[in-house]
Each structure stands twice: as structure tokens, then as C-alpha cells.
Amino acid sequence: MAKRTFTIGMAGHIDHGKTTLTKALTDIDTDRLKEEKERNVSIEPGFAPLRLTDDMDVSIIDVPGHERFIRQMIAGVAGIDAVVLTVAADEGVMPQTKEHLEILSLLGVTGGLIAVTKMDNVEEDLLELAGEDIRQEVQGTPFAQAEMVFVDSISKKGIDAVRTKLTEVLQGVPARNVRGAFRLPIDQVFSVHGQGTIVRGTVYEGSVEQGDTIQALPLRRTMKIRQLQVHGQQVQKGVAGQRLAMNVSGVDKEDLKRGDVVVSKEHYVTTKMVNIVLYTSNEMYHALKQRGHIKLHLGTAEVYGNIVFFDRNLLHPEKQEVLCQLRLDEPVVTKRKDKFIVRRPSPMETIGGGWVINPNAERLRFGDETIKQLATQMQGTPEDHIKTALWEKKWLDREALAKESGLLFDDVKDLLVQLKENDEVLEYPNGKLVLRELYDQFLENIIDELQTFHDSHILQIGKNKQELQSFKAEDMPKELSERLLEKAEMEFQIKRDRQFVSLYSFRPSLPQGWQTKLKQAKEKWIEDSITPRPWGDYMEEQGIPAEIAEEFKHSLLQTNEAVIMDNKHLWPASEW
């Protein structure tokens with residue numbers, strides 16, 4: 001059985017034993033910086049491998065607990081599968097415990113356990129009371145029902161219990177997507193003498209192999225993988241859920257930074273404008289104005305920008321769901337459903353978090369219609385979003401469809417297989433895709449329009465194509481209209497005679513009660529040959545109404561039986 005890979009976050013208030021617990025579990029001190037050792041404070045996320053079972057490959061990220069390093073904490077927990085929330089038995093839940101809990105909740109991290117650390121610092125008969133206090137504090141969060149383990153990392157009490165409970169938690173975590181396009185947000189970039197540039201991060205999805213060609217976004221720089229390592233051990237392949245280091249060629253260390261994203265294909269969206277659903281934080285205390293200045297934390301990226309509301313001019317500090325848009329100062333790499341945190345630069349606080357509705361957003365108008373549009377985008381399956389994009393844009397190739405729907409190219413490609421098999425999407429030789437529903441509506445409109453025309457013009461062979469309203473609809477690309485018309489003709493729904501279009505079953509006929517008189521008028525006109533009288537004279541002699549006379553004239557012209565001489569005269573084509 002293939003190993004499943006996971007990344008666990010170690011979160012909690014400063015000095016509540018995260019780093020010590022990590023060392024007790026892994027025998028690795030994740031405080032590697034000189035400053036961290038001198039001050040005994042974690043400044044940057046630390047990483048260590050954790051051995052639990054033979055079928056699990058687990059990494060621990062030990063994130064900083066100090067409020068000054070909250071940005072490093074967010075970068076560290078982005079992309080984790082589960083978390084160990086550390087709470088010191090002798091202090092209980094503290095401010096950073098609550099903020100970490102809030103951030104984890106907003107990022108959708110629901111799996112984990114509570115490690116009550118430093119249990120030897122509290123008398124045994126008070127431990128149960130400490131646990132009850134902690135349980136009370138985490139009510140209303142994803143950790144309300146989390147397993148709680150009492151542990152002392154110095155004496156190693158409870159360490160085995162932590163391992164056991166972590167194993168149980170991870171067994172219930174859904175598997176990562178290893179089939180999708182590879183994506184790794186960079187959290188570290190450095191160089192090694194004689195080897196060149198090294199990038200590290202947690203693999204969000206997909207897989208990659210030594211020798212593969214990859215791309216750094218938003219730089220759009222192509223790189224080749226020289227070597228892969230997982231916690232110092234060389235590997236041939238990296239997969240979703242792993243902490244991966246890549247030795248790459250084709251780029252200098254100075255060209256890359258934390259927040260850039262390494263991908264295997266170009267189909268990820270690079271954008272400066274995203275539509276989002278924002279869930280406000282319990283830790284938000286100040287109202288936020290329309291177009292207020294914000295900092296977006298997305299993956300390992302930190303980007304400043306402005307928030308745009310469509311149903312308010314002020315966001316009040318209360319728990320709520322808000323559909324809005326972020327307009328960023330720099331491009332980010334994202335896709336639909338990506339989680340994020342939004343913070344206020346000053347006064348510094350967490351505004352909220354949520355997920356990306358559409359990464360390929362456009363400027364929208366203030367008002368209810370935009371809110372309805374965003375609500376529609378928010379709902380539905382990936383298939384729904386493909387159909388919505390095709391309905392709005394009429395026809396798109398696969399790459400454009402991926403961008404418009406906010407989905408990955410590979411996901412779109414896979415979904416289209418089923419949609420085409422179900423005859424829900426049509427594909428043309430030029431690679432453009434069209435909804436079957438759009439064609440059916442086009443066909444219905446054409447049939448209705450032609451039937452109305454035939455009812456009023458039974459003498460004419462058809463309606464001029466350029467006069468068909470459905471064909472020249474303003475929101476329908478001309479080339480697409482032509483392709484849809486061709487399909488209707490191939491399916492024997494319509495027929496074409498030069499520029500004239502008619503229903504397939506339609507045949508021109510003389511109006512009931514006027515057949516004899518029209519034939520007599522035509523015979524006299526042909527007899528006069530090259531010296532015809534005004535067309536109206538022939539019609540008046542037979543008592544034919546002007547409306548039918550005009551139709552008969554158009555019929556003769558359409559069938560090339562007549563040629564116009566001037567406004568009053570027709571010349572038989574046989575004499576031309």
C-alpha cells in the first residue's frame with residue numbers, strides 16, 4: 001500500500017511548549033536560527049519529520065506563537081492537514097491561543113487534538129480542572145470536540161498518547177489530490193554552494209519528479225528539477241502533503257521569494273483581482289471602510305490591496321458572511337476554493353478569512369445584481385461553473401474555460417469528458433466548446449423565427465440569413481452563429497439556398513385561392529418578353545392584392561426567374 005503523506009501544524013501561545021513537544025516527538029530542535037536559540041522564541045516556522053506508522057509520511061510545522069510573528073504563523077499553517085493545539089496546563093488559553101484558533105478555523109483546519117503541555121508544573125488534582133477550563137474556552141471552534149491529551153515534553157509523560165491520538169486523527173483526514181497539477185507555495189528560498197538555488201514548501205496538490213520542468217509564478221520563469229529532498233533524504237518523487245525541497249536550475253535565488261508558487265503547468269490563474277466570500281473574525285474590533293486597505297495571506301504569499309464591498313460602505317465588527325472583491329497591489333497565484341486570511345495592517349488585527357469564489361474576477365458594479373451574481377458563483381458544483389462560464393461567454397477553448405470557471409485546466413479537461421459523453425457540451429474542430437443547451441435554444445429561436453416568416457411569406461423560398469434575428473444576436477459571436485446554423489443544417493432542421501434559410505420541410509406555394517390568377521399573370525408577363533409592362537399592371541388585371549403581388553415578385557427574384565429592370569419593371573430571366 002502506498003504511503004499517505006500529511007503535514008501537521010504545531011500551534012499555540014508563545015512559551016506553551018510547541019517546540020519542546022516537537023522535539024520530544026521527533027528528536028529535532030526546530031529552532032534553527034541563532035536569534036531563536038538566544039531568545040528562546042520561535043521566529044520562523046520550523047520543520048521536522050514525524051514517524052507514526054509505516055503507511056504514513058508525516059511532517060510537523062512548528063509555527064511561531066508570539067503576536068509579532070502572526071504572519072509567519074499564517075504562512076506556516078497554510079496547507080496543513082491537521083493541527084496540535086498546545087495549551088500550557090499552568091496558564092490555560094491565552095490571547096495567541098485564541099488568535100491561532102480563529103485563524104485555523106478560518107482556514108478550514110478542522111482535524112487535530114489539544115495537547116495540554118507542562119503537566120508536571122500543575123498538581124495532579126488540578127489537571128482535570130485545567131482541562132475543563134480549556135474545554136470551555138474552545139467551545140464554538142472546530143476544537144470543541146477534539147481529543148485532549150495531557151503531556152510533559154521534558155519527562156516524556158503522555159508522548160505515546162500524543163502519537164496514538166495523532167495517528168487516529170490522520171486516519172480520518174481525506175487524502176490529498178495527487179492526480180492534479182503540481183503546486184507548491186514557496187516558504188523558503190536559499191542557495192547552497194556548488195548546488196545552486198533551493199526552494200522549499202509544502203506540496204498542496206499533485207506530484208513532481210526529479211528531472212521535471214516546472215514554472216515559478218507569477219515570475220513565469222521555467223526551471224528544471226535537479227534533485228528532490230524530503231527532510232534531508234533524497235527522493236525521486238514528491239507528492240501532495242509532503243514538505244519538499246527542490247534543487248532547481250534556470251533561476252537565481254534572488255529571483256524568487258516566499259509567496260511565489262511553483263507549478264507543473266501554466267494553467268493556474270495569476271491575478272490581481274479575486275471575488276471572495278469573507279467570514280469575519282471574532283477577533284475583529286474595528287469597522288472597515290469601503291476600499292479599506294488590507295493585507296491578504298494566501299498560501300505563503302502576503303500581498304497588500306483594497307477590499308471592495310457591493311452591498312455596504314462599512315464592514316462592522318460582527319460575525320457575518322460577506323460577498324466582496326479584493327483588488328491587490330501585486331499578482332497572486334490561486335484557484336477557486338483556495339482558503340485565505342485577510343488582516344488589517346493598522347491597527348493590526350485579523351479581519352476574517354474565507355475562500356476564493358472566482359480568481360479571474362472583473363470589476364463589478366455596486367448593488368443587488370452583483371451580490372446575486374456572486375451568490376450564484378459561490379454555489380454549485382464544478383460542472384455548474386463550467387456550464388455558467390459557457391453560458392455567459394457562449395464559446396471558449398479549454399484554457400479560457402478554465403480561467404473563466406476558476407477551475408484548474410486538468411480538472412476542466414476531466415470534467416469535459418463526461419459532459420461531452422452526456423451530450424451537454426459540444427466541441428467544434430477549432431477546439432471551441434459550446435453548451436448543448438445554447439444550441440438547443442438557438443435552434444428553437446431559429447425555427448420559431450422561420451415558421452413565423454413562412455406563415456407570412458409562403459411564396460418566398462426562405463429568409464435572408466443576414467435578416468435572421470437569432471443569427472445576428474448582439475451577444476452571439478458571428479462565427480459561432482454560423483457554426484450553429486451549420487449544425488442545424490446537418491441535422492436536417494433547416495436548409496439553405498444561397499443566402500436564404502428555410503425550415504427543412506418547407507416548400508414555397510401559391511396562396512390558397514390565388515393560384516390560377518397568379519399563373520395567368522405570370523404567363524402574360526412572360527409573353528411580353530423583353531418589353532414587359534409595369535409589374536403592377538399584370539397584378540391589377542387579375543385583381544391580385546398588392547401584398548400578394550409583392551410576395552410573388554420576391555419569389556420570382558429569389559428563384560432567379562426574374563431580374564429587376566427598375567422600380568416598376570421586371571424582366572424574365574430567360575430573356576436576360
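**Exercise 1. How many bridges join strand 18 (residues 293-298) and strand 19 (residues 301-309), and in which sense do they pair?**

Before we start, some ground rules. This is a predicted model, where local features need pLDDT of at least 70 and side-chain atom pairs count only at pLDDT 80 or more, while totals for chains, interfaces and linings use all residues. Residues are numbered from 1 along each chain as its sequence is written, and side-chain values use heavy atoms, with hydrogens and water left out.

Step 1. Get the vocabulary straight: helices (H or I, at least four residues) and strands (E, at least two) are DSSP runs, numbered from the N terminus. Two strands pair if DSSP finds at least two bridges between them.

Step 2. Strands 18 and 19 pair in the antiparallel sense, over six bridges. One bridge to look up is Lys295, whose partner in strand 19 is Tyr304.

Step 3. Now check the turn. The hairpin of strand 18 and strand 19 has two residues between the strands, and Gly299 there takes a positive phi near 65 degrees.

Step 4. Carry on to strand 21 (residues 321-334), which pairs with strand 19 in the antiparallel sense over five bridges. Here Phe309 stands opposite Cys324 of strand 21.

**Exercise 2. Find Ser281 and Thr531, and work out which is buried and which is exposed.**

Step 1. Note the cut-offs: buried means under 20% relative accessible area, exposed over 50%, and partly exposed in between (1.4 Å probe, protein chains only).

Step 2. Ser281 lies in the loop between strand 16 (269-280) and strand 17 (288-289). Its relative accessible area is 2%, so Ser281 is buried.

Step 3. List the company of Ser281, taking contact as heavy atoms within 4.5 Å. Not counting residues up to four places away in sequence, Ser281 touches Glu102, Leu106, Lys319, Thr350, Ile351 and Gly352.

Step 4. Thr531 sits in the loop between helix 13 (515-527) and helix 14 (535-541). With a relative accessible area of 59%, Thr531 is exposed. Measure along the chain and then through space: Thr531 and Leu570 are 39 residues apart in sequence and 9.7 Å apart, C-alpha to C-alpha.

**Exercise 3. Describe how helix 9 (residues 398-405) packs against helix 10 (residues 409-421) and against helix 8 (residues 382-393).**

Step 1. Axes are lines fitted to C-alpha atoms, for helices over the stretch in contact, and angles run from 0 to 180 degrees between N-to-C directions. Angles under 35 degrees count as roughly parallel, over 145 as roughly antiparallel, 65 to 115 as roughly perpendicular and the rest as oblique.

Step 2. The axes of helix 9 and helix 10 come within 9 Å and cross at roughly 105 degrees, so helix 9 is roughly perpendicular to helix 10. Helix 9 brings Arg398, Glu399, Leu401, Ala402 and Ser405 to the contact, and helix 10 brings Phe409, Val412, Lys413, Leu416 and Lys420.

Step 3. Turn to helix 8: its axis and that of helix 9 come within 9 Å and cross at roughly 110 degrees. That makes helix 8 roughly perpendicular to helix 9 too. His385, Ile386, Ala389, Leu390 and Lys393 in helix 8 meet Leu401, Glu404 and Ser405 in helix 9.

**Exercise 4. Which residues have the most contacts inside the largest nonpolar core?**

Step 1. A nonpolar core is a set of buried Ala, Val, Leu, Ile, Met, Phe, Trp, Tyr and Cys residues joined through side-chain atoms within 4.5 Å.

Step 2. The largest one has 36 residues, and Ile386, Leu390, Leu401, Leu416 and Leu484 have the most contacts inside it. Helix 11 (residues 436-456) gives the most to this core, with six residues.

Step 3. Zoom in on Leu401. Leaving aside neighbours within four places in sequence, Leu401 is in contact with Ile386, Ala389, Leu390, Leu396, Val412, Leu416 and Leu433.

**Exercise 5. Lay out the open sheet of three strands and find its edges.**

Step 1. The order is 27-29-28, with antiparallel pairing. Strand 27 (463-464) and strand 28 (494-497) each have a single partner strand, so one side of each is left without a neighbour in the sheet.

Step 2. Strand 28 pairs with strand 29 (residues 500-503) over four bridges, and Arg496 stands opposite Val501 in strand 29.

Step 3. Add helix 11, which packs on the sheet and touches strands 27, 28 and 29. Its direction makes about 95 degrees with that of strand 29.

Definitions and conventions
Contact means heavy atoms within 4.5 Å.
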